[in-house]
Amino acid sequence: QVQLVESGGGLVQAGGSLRLSCAASGMIFSIRRMGWYRQAPGKQREYIAAITSPGSTNYADSVKGRFTISRDNAKNTVYLQMDSLKSEDTAVYYCNADITIIDGSWDDYWGQGTQVTVSS
């Protein structure tokens with residue numbers, strides 16, 4: 001019914017930048033919160049950032065000042081601009097969204113993940 005598809009991951013040198021995108025599609029009525037999480041090998045998935053429909057943002061301390069989350073409500077898309085990347089940012093990055101579909105039901109959806117590798 002709903003799909004989240006991430007793109008933009010890849011290999012980058014430390015200090016470099018990447019921009020991730022996540023597009024939601026399907027029988028969407030509205031999207032409240034959209035966010036990003038990441039999971040490094042051998043570690044639990046951790047919260048990175050979130051943005052509400054009106055545009056309020058929140059960041060984990062580990063990325064504050066380096067990452068910027070934004071969204072295009074018309075395109076049902078959320079972005080994550082990642083600057084000053086460090087080797088410890090290496091992980092699979094997942095998109096997450098709180099979505100109400102057209103029958104009125106609500107659920108929490110996840111993308112398939114995109115790999116970000118930062119070489120030192």
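1. A strand here is a DSSP run of E of at least two residues, and strands are numbered from the N terminus. D98 is found in one of them, strand β9. The model is a predicted one, and the points below should be read with that in mind.

2. D98 carries a charge that is not paired. Its side chain is buried yet makes no salt bridge. The nearest side chain of opposite charge is that of R33, 4.6 Å away, and a salt bridge needs a nitrogen of Lys or Arg within 4 Å of a carboxyl oxygen. Leaving aside neighbours within four places in sequence, the contacts of D98 are S30, I31, R32, R33, W106, D107 and D108.

3. Strand β7 covers residues 67–72 and has two faces. F67, I69 and R71 lie on the covered face, while T68, S70 and D72 lie on the uncovered one. The strand runs antiparallel to β8 (residues 77–82), to which six bridges join it. Two of the pairings can be named: T68 stands opposite Q81, and R71 has V78 as its bridge partner in β8.

4. How many residues of β8 are buried? Five of its six residues are, so the strand is largely enclosed by the rest of the structure. Besides its pairing with β7, β8 is joined by six bridges to strand β3 (residues 18–26), and these two strands also run antiparallel. In that pairing L20 stands opposite L80 of β8.

5. Two residues call for a check of the backbone. Most residues other than glycine have a negative phi. N76 is not a glycine, yet its phi is positive, at about 50°. This residue belongs to the loop between β7 and β8, in a hairpin with four residues between the strands. N76 counts as partly exposed because its relative accessibility is 24%, and partly exposed residues lie between the cut-offs of 20% and 50%.

6. S84 is the other residue to check. It also is not a glycine and has a positive phi, near 50°. Its place is in the loop between β8 and β9. With a relative accessible area of 41%, S84 is partly exposed.

7. Which residues form a nonpolar patch on the surface? They are M27, F29 and I102, and together they have about 340 Å² of accessible area. I102 sits in the loop between β9 (91–101) and β10 (106–110). This residue counts as exposed because its relative accessibility is 58%, and the cut-off for exposed is over 50%.

8. Q44 is in another loop, the one between β4 (28–39) and β5 (46–51). Is Q44 buried or exposed? It counts as exposed, with 71% relative accessibility. Not counting residues up to four places away in sequence, Q44 touches R38 and Q39.

9. For a reader with the structure open, a few places are suggested for a look. One of them is D98, buried and without a salt bridge. Another is N76, with its positive phi, and S84 likewise has a positive phi. The nonpolar surface patch of M27, F29 and I102 can be viewed as well.

Notes. Residues numbered from 1 in each chain as written. Predicted model: local features only at pLDDT ≥ 70, side-chain atom pairs only at ≥ 80, totals over all residues. Heavy atoms only, no water. Patch = residues over 30% accessible without salt bridge, like charges linked within 9 Å, V, L, I, M, F, W, Y side chains within 5 Å. Areas by Shrake-Rupley, 256 points an atom, 1.4 Å probe, with all protein chains shown as cover. Buried < 20%, exposed > 50% of the residue type's maximum accessible area, 1.4 Å probe, protein only. Pairing = 2+ DSSP bridges. Lys, Arg positive; Asp, Glu negative; His and termini not counted. Contact = heavy atoms within 4.5 Å.
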